[in-house]
Amino acid sequence: MSIPTTSTGVSSSNDGDQQEPFLVVDGLTVRFPTHDGLVQAVTDLSYSVRRGETLGIVGESGSGKSVSSMAVLGLHNPRQTRLNGSITVGGVEVVGASQHTLRSIRGNDVAMIFQDPLTALHPFYSIGSQIAEAYRVHHDVSKKQARERAIEMLARVGIPQPSRRVDDYPHQFSGGMRQRAMIAMALVNDPKLLIADEPTTALDVTVQAQILDLLQDLQREYNSAIVMITHDLGVIAEIADEVLVMYGGRAVEKGSTSEVLTHPEMPYTWGLLSSVPDVTADTTTRLLPIPGTPPSLLSPPPGCAFEPRCIHATAVPGDLCATTLPLLAPGRSAHHLKRCHLPDPDAIYEQFVIPEVAPEAGETR
Amino acid sequence: MSEVTHGLPDGAAEIELGDGLIDELADEAELLDADSSVLKPHAPTELDPSRPAILEADGLRMYFPVKSSGILRRTVAHVQAVDGVSFQVPAGGSLGLVGESGCGKSTTGRLITRLEKPTSGAIRFEGEDLAKLSKREMKPVRREVQMIFQDPYSSLNPRHTVGTIVGTPLQVHDVVPKKQVLSRVQELLEVVGLNPEHYNRYPNEFSGGQRQRIGIARALALQPKLLVADEPVSALDVSIQAQVINLLQDIQREFDVAFLFIAHDLAVVRHFCPEIAVMYLGKIVEIGDRESIYSAPRHPYTQALLSAVPDVRQASTGGRRERIRLEGDVPSPIDPPSGCRFRTRCPIAQEICAKHEPPLLQIGRRHKVACHFPGRLGQAPTEPLTARLLGVDAHGNPDAGASPSAEILEQRPGYADTWFDLDNKTFARA
């Protein structure tokens, strides 16, 4: 993996500056009381997405990326969840909203695509009836009209012979087709915001490319906002305008995709970039895994959540990393936020990280 | 300590063990502290063509019967999961098997470990044909060939402790006296970077990456010469994947184990394996060394696969990478297309592709491809290169003037000294 050392990231997200963000998450905290204590799944998370834009959320399992996006749809059981902060979807507050309000948003303004289409689709109902149901909940139409709409959507996502496949059951579809059927279901009401939770993780690369093409086409067509949750930085690089890197339930780096992926300033993002091989890298490049495992969210570390695994923590004077939580503050530019104490991340990145991920680009070797 | 990345717990050097690996890794760590540029502990394995093949699969076929419903349950069709696959794995080397789901790569792995009995074909392991052995005859061979499974959650018995899981192979094969099983288990846990004191814990007390290490320790217990790793990292988080890949490379170097590495992640396979075979619908469509497959792929399927991999460096330019669009889905292996199996989705398919199956033709020192029109991306030849070899004309009709070349068409594992040079359209010799 080689990262260009000299290139000023050009933000591609300036187009919609005049527009109000469609989704605003502000100071979101999600906690689950359990027998072992309070799980702090998401802490003080803020982000916003405009229509026509794509936000990529990256992080490991347990970093809170799915939990935070489920909160947008109000999918957590209020009796077992403590939600704080604010989430507004098109100006409507979701946190603390009634079930009635939530139901009018779900599947209508906001739709979600889940990772595993086999568990997200109901095995007892035909694909067509599941899509038609989603349409009839929000539109006063006859069954026949809803079925027509389902066929239209299946054709739109590229299912061959949609008028015949509409009566098939999920098990009769291949993995890629199931994922498309779920996208058809999510898009049946022309949502303004689409949350895709690892939509391509279970798929082969060729199918993944097809699904990403489809999402981009549909975004152009309906001008929807997309929140793309994934752990694949390659996918993020190709389709997201903005990236949010999460670790231990908090945002640790945020900015435009070109900025964050070409000039990452947080050791966790460095780790993500250097631990994944890519198909064009020099094969003598080593994989540098992030040592250790993610922190327990039952008792997160008092300082930086990444400090126990961070190999650059020694560059920070004293035990600042272990005791004080760094703020999400601007780094190189005002739009590139990072949560890290390192005084000069660029120098460390160029000295230690670039030689490892791209030996041919570094001068130290 | 910034360079110590093989996952050994701190203080590993203090523990006195008979096993050389621990001390060596610890030494390595110290050296690395002194000068990080001297040693490359996890540099990828390089191809060593002089090593003999430890494993040779020759015309391997696995057809699963499809039974009719009703009382008679007659066999109505066959799923041609693996259909005539031939390859070699050099001793201490590794061969990667890649392809989309359903292409037969996992079935191939299960045939090599004889979890399935092949329909036909030979599996020669150190000269002995495993395909013909009975269950009892297989038992001594199982010490030599072990498997690492994909899902660390379902491949470990939740009701057994780690000590039992790792120790069972030792007892079954009676390799160490009963009293020493525990100490050997602790050694193995140490090798894979787990705390040896944890032998009494249950799998649910470990994370995904740690469980995969337990699976690796179990596979290593009998000191096998060949490990079949079926998607060993795809169930793990990205930051943990690299830890496990590095561990497997350390193990390969230290114990000289050969790997058959099955994965769908092209980048991981490229990093781990000096040789790669690309499978499509039960057949190998292209096989060769890393350089040939990734830098000069000649099969349209390999080219399409590689172009579909998302690239992080795309961030600097923005937008999507140019790629070859494959239409439709993989056809059913019950009734595969005639001729070339890829032709239904192939952008350059012609008449001959439906009539004749392309032979796996050697086109380089270590590079074979099964295509009638093998060429660089965008430069595929207009005339089928294989027509004369098959004794047909350009449209696939029998041609009296051409004589089929039996020598070239013979499908054997491994590589010959002569090959068909695509650029000069002549035979080349090493």
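Start by selecting strands β9 (residues 242-247) and β10 (residues 250-256) of chain A, which pair in the antiparallel sense over six bridges; strands here are DSSP runs of E of at least two residues, helices are runs of H or I of at least four residues, and both are numbered from the N terminus, while two strands count as paired if DSSP finds at least two bridges between them. What you are viewing is a predicted model, in which local features need pLDDT of at least 70 and side-chain atom pairs count only at pLDDT 80 or more, whereas totals for chains, interfaces and linings use all residues. Residues are numbered from 1 along each chain as its sequence is written, chains are lettered from A and ligands numbered from 1 in the order in which they are written, and side-chain values use heavy atoms, with hydrogens and water left out.

Stay with this hairpin and pick out G248(A), which takes a positive phi near 55° in a connection that has two residues between the strands. Next select E242(A), which stands opposite S256(A) in β10(A) and is also the bridge partner of L55(A). L55(A) leads to strand β3 (residues 54-58) of chain A, which pairs with β9(A) in the parallel sense over four bridges. Five of the six residues of β9(A) are buried, where buried means under 20% relative accessible area, exposed over 50% and partly exposed in between, with a 1.4 Å probe and protein chains only.

Now move to helix α1 (residues 65-72) of chain A, which is largely enclosed by the rest of the structure because six of its eight residues are buried. The buried residues to highlight are K65(A), V67(A), S68(A), S69(A), A71(A) and V72(A). After the helix comes G74(A), whose phi is positive, near 60°.

Then switch to chain B, which holds 14 helices and 14 strands, and in which 56% of the 430 residues count as buried.

For the last stop, select D83(B), found in strand β2 (residues 75-90) of chain B. Is this residue buried or exposed? D83(B) is buried, with a relative accessible area of 6%. Its side chain makes polar contacts with the side chains of R61(B) at 2.8 Å and Y63(B) at 2.9 Å; a polar contact is a pair of N or O atoms within 3.5 Å, where within protein one must be able to donate a hydrogen and the other to accept it, and residues adjacent in sequence count only if both atoms are side-chain atoms. Leaving aside neighbours within four places in sequence, D83(B) is in contact (heavy atoms within 4.5 Å) with residues including G282(B), K283(B) and R341(B).
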